Each structure stands twice: as structure tokens, then as C-alpha cells.
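Visitor: Could you take me through the largest pocket here, and the helices that go with it? I'd like a close look at that one part.

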Amino acid sequence: MTKLRTLADMLGASWIPSLSMVQARLMRPFYRMTFLAAAARSGLLAELRGGRRLDRAGVIRALRAHARPELIGPWLDIGVEVGVLARDNSGAYRLRGLDGRLLAKDPSGVAVAGLLEVALYHRQAIMSAPRFAVEGGGLNHADQDPAVIARSTRLVQPLIESAVRDTVRDHEPRTWLEVGAGDGHYAQYAAAADPVLEVTCLEMQEELVDTMAQRFASTGQRSRLRARFGDIRDVELDEQYDVVTLHNLLYYFPEDQQCDVLERCRKLLRPNGTLLLTTSVPGKVTSVSALDLWFRCSDFGSPLPDEHGLEEALNTSGFRDVRMYRPLSAFSLVAVTATNPA
Ligand SMILES: C[S@@+](CC[C@H](N)C(=O)[O-])C[C@H]1O[C@@H](n2cnc3c(N)ncnc32)[C@H](O)[C@@H]1O
């Protein structure tokens with residue numbers, strides 16, 4: 001009788017309808033996404049690639065989890081509960097869900113970086129925006145993992161590559177400066193598109209400059225690709241280039257600095273040289289809106305630019321012949337070229 005009464009009280013509690021709805025529809029996907037992101041970031045997904053199985057001791061060894069190994073068992077159990085992992089009778093874990101197996105299989109790591117960007121940064125921005133609105137404050141550069149950001153921007157890789165190909169074909173540049181080059185992928189792509197093009201990459205995260213230097217050293221174009229550490233706002237470069245590019249970068253600067261940065265890029269171009277700028281613009285895609293909110297929340301950047309604002313900023317910075325297009329109309333990414341007048 002007492003148990004029946006307790007059960008009735010439990011089921012009749014005012015929070016049960018809303019909690020049941022949240023549990024059924026939101027909590028499991030949230031836990032699942034969080035576990036997948038952690039499995040990707042820790043290296044577990046890669047360790048279990050291709051149907052590989054590891055027992056708990058094997059996972060501890062593979063992840064080098066020697067400081068607090070007792071956390072690994074309960075962590076893996078959550079992975080089993082949310083269906084990312086399965087554990088067989090011998091206690092070995094393997095990937096169970098299709099999402100985890102597909103993420104583990106993709107050698108580019110781009111989808112993993114996209115997942116991490118959502119789980120780490122978009123979630124943080126959506127959670128923090130009301131607090132910042134009330135108390136002030138914002139996110140800073142140190143809150144970002146440069147390797148994740150450099151990789152996640154490659155979600156739009158085919159679109160940016162098409163703009164790079166068009167620029168190489170239409171302008172036949174001999175020298176190319178890539179500003180905020182990330183891991184150097186697009187610089188390397190440009191160098192591969194033209195066998196005599198000399199490419200300089202500027203990047204203000206030392207970790208990424210090292211990544212680029214290693215990456216370029218292992219390619220056949222190493223004599224034509226250079227990685228340089230520096231901030232475009234104050235770095236000293238005494239060359240003028242045929243092309244200067246900014247991919248996924250403009251929103252890293254406050255709005256009141258953007259014209260100065262663009263003007264600085266223009267002065268690094270030889271007369272009639274070409275600026276190529278690619279950027280996401282506001283659209284009706286939630287991940288783009290979250291990217292926009294994330295940079296609005298930062299204490300260093302700005303909202304995603306819109307097409308009209310971009311054109312105005314380029315004209316104010318002394319560029320002429322501003323041309324803007326979407327490599328694929330369904331995507332919120334624009335490519336802009338502009339000329340440094342002679
Ligand atoms: C979103 S990532 C884009 C990386 C690369 N362009 C791409 O599209 O994959 C922006 C990069 O610009 C770099 N960056 C930001 N501000 C910079 C500045 N003032 N000077 C040089 N690099 C900068 C960041 O460190 C980061 O690696």
C-alpha cells in the first residue's frame with residue numbers, strides 16, 4: 001500500500017509531464033552527442049576504428065589515462081548506455097552506432113571537428129549569451145582549440161577550393177599571401193593548382209604555424225610554401241603579393257577594426273592585385289546562426305558579416321571592382337574578390 005502511494009505521488013508530481021518529455025526527446029540525444037564528442041576528442045573513436053575491440057585496460061593504455069584510470073570504466077559505461085558503444089561478454093568494447101563508426105572511418109577529421117565545435121563552442125555560446133547579456137563579459141581566444149577550429153572550417157572546403165581555383169585561373173598570380181591560414185590546407189591547394197606559385201601563410205597561433213611547417217615539409221611543394229608566425233594587424237612584411245586571401249577570418253576582428261585590416265591587406269597587394277575573401281554569412285541554418293552567436297559572445301570578434309556590409313567595408317578600404325558570389329547558392333558561404341587599384 002505504501003509503495004502504491006509512493007508510486008502515485010511520483011507519477012502525479014507536477015514535473016513528471018515535462019521531465020518525461022525532456023528525458024524522452026532531449027536528454028538521450030544530448031548525452032549521446034556529448035559522449036561521441038568526448039570519444040572523438042580523447043582518441044577513443046580512432047582506437048576503435050574498423051571494428052577493433054578493446055577491454056577497459058586496453059582503453060586505459062590506448063588513451064594513456066594513467067592519472068585517474070578509475071574514471072574510464074564509468075565513462076565507457078555511459079557510452080554503452082547511450083548506444084555509442086557495445087560491450088561483449090568478455091568485457092571488450094566496440095563501436096556500435098552508425099554515427100560513431102562513420103566518424104571514426106573518415107580520415108579527414110572534418111566531421112569530428114564540426115561535432116566538437118558544436119559540443120564545445122556553440123553550446124557554450126548558447127548557454128552563456130544570456131549571462132553575458134546580464135553581467136557583461138565574453139569568451140576569449142584561449143577558449144578555442146586552434147586545431148579544432150582549423151579543421152572544422154573545412155566543412156565548406158569544396159566551396160572555398162572552387163573560389164581558390166577560379167582565382168588561380170583568372171588572375172595567374174605568382175605570389176600569394178594567405179592570412180589566418182589555419183592548418184594551411186587552402187594554401188597548399190593553391191600551390192598545387194599552379195606549379196610556380198609562391199605561397200606565404202600568416203598565422204597568429206604558434207601551434208598552427210608548427211603544424212603547417214611540418215605539413216609543408218612533407219610535400220613536393222615545400223620550397224614554394226612558407227609558414228610565418230604573426231598578427232596581420234602589426235606583422236612586418238616587406239613584399240607585395242599578387243593575391244591576398246582571408247578565408248573564414250573577418251569575424252575574428254571587431255567591426256571597428258575590419259576596415260583597417262582590409263586596408264592593410266590592400267597595401268600588401270601590388271597594384272591591380274586581387275583580394276580573395278571567403279566567409280559564412282548569416283542564413284537560416286542553425287549551425288551558422290550558432291557560429292554567429294559564438295563570435296558575438298567573444299570579446300575579440302564580431303558578428304558574421306552580411307553581403308551588403310562586406311561590399312561597403314571593401315569600398316571604404318580602397319578596393320575597387322568588388323565581386324561577390326556564392327559558389328553553391330544553397331550554402332551560406334560567399335566568395336568575394338576585389339582589386340587594389342593601380
Ligand atoms: C576560422 S580559422 C580559419 C583558418 C583557415 N583560413 C581556414 O579557412 O581553414 C581563422 C584563423 O585565423 C587566425 N587568426 C585570427 N586572427 C588573426 C590575426 N589577427 N592574424 C593572423 N591570423 C589570425 C586564427 O588563429 C585561426 O587559425
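Guide: What follows starts with the pocket and its lining, then moves on to how some of the helices cross. Bear in mind that this is a predicted model.

The largest pocket holds about 950 Å³ of space. Its lining runs to 49 residues, and if you want to find the centre, look for Ile-149, Ser-152, Thr-153, Asn-248 and Tyr-251, the lining residues closest to it. By class, the lining splits into 25 nonpolar, 17 polar and seven charged residues.

Now for where the lining comes from. Four helices, α7 (110–135), α8 (146–152), α10 (185–193) and α13 (286–297), and one strand, β4 (198–203), each put in at least two residues. The largest share belongs to α13, with five residues.

Two of those contributors, α7 and α13, also pack against each other: their axes come within 9 Å and cross at roughly 55°. That angle makes α7 oblique to α13, because it falls between the under-35-degree range for roughly parallel and the 65 to 115 range for roughly perpendicular. The hand of this crossing is left.

Stay with α7 for a moment, as it has another partner in α2 (residues 16–42). The axes of α2 and α7 also come within 9 Å, here crossing at roughly 120°. So α2 is oblique to α7 too, since 120° lies past the 65 to 115 range for roughly perpendicular but is not over 145, where roughly antiparallel begins. The α2 and α7 crossing is left-handed.

Next comes α10, another of the lining helices. Its axis and that of α9 (residues 157–171) come within 10 Å, with a crossing angle of roughly 40°. That makes α9 oblique to α10, because 40° is not under 35 degrees, the cut-off for roughly parallel. This time the crossing is right-handed.

One last thing to lay over the picture is an annotation. An unreviewed UniProt entry places the feature "domain: Methyltransferase type" at residues 177–275. Over that stretch the chain is 34% helix and 28% strand, and the C-alpha atoms at its two ends sit 10 Å apart.

Technical notes: Residues numbered from 1 in each chain as written. Predicted model: local features only at pLDDT ≥ 70, side-chain atom pairs only at ≥ 80, totals over all residues. Heavy atoms only, no water. UniProt positions renumbered as here; feature names shortened; annotations may be inferred. 1 Å grid on protein atoms, 1.4 Å probe; cavity = no way out; pocket = protein on both sides within 12 Å on 5 of 7 lines; lining within 4 Å. Points joined across faces, edges and corners; volume = space filled by probe spheres on them. Nonpolar A, V, L, I, M, F, W, Y, C, P; charged D, E, K, R; others polar. Axes fitted to C-alpha atoms, helices over the stretch in contact; angles between N-to-C directions. Left-handed = near helix turned anticlockwise from the far one by under 90°.
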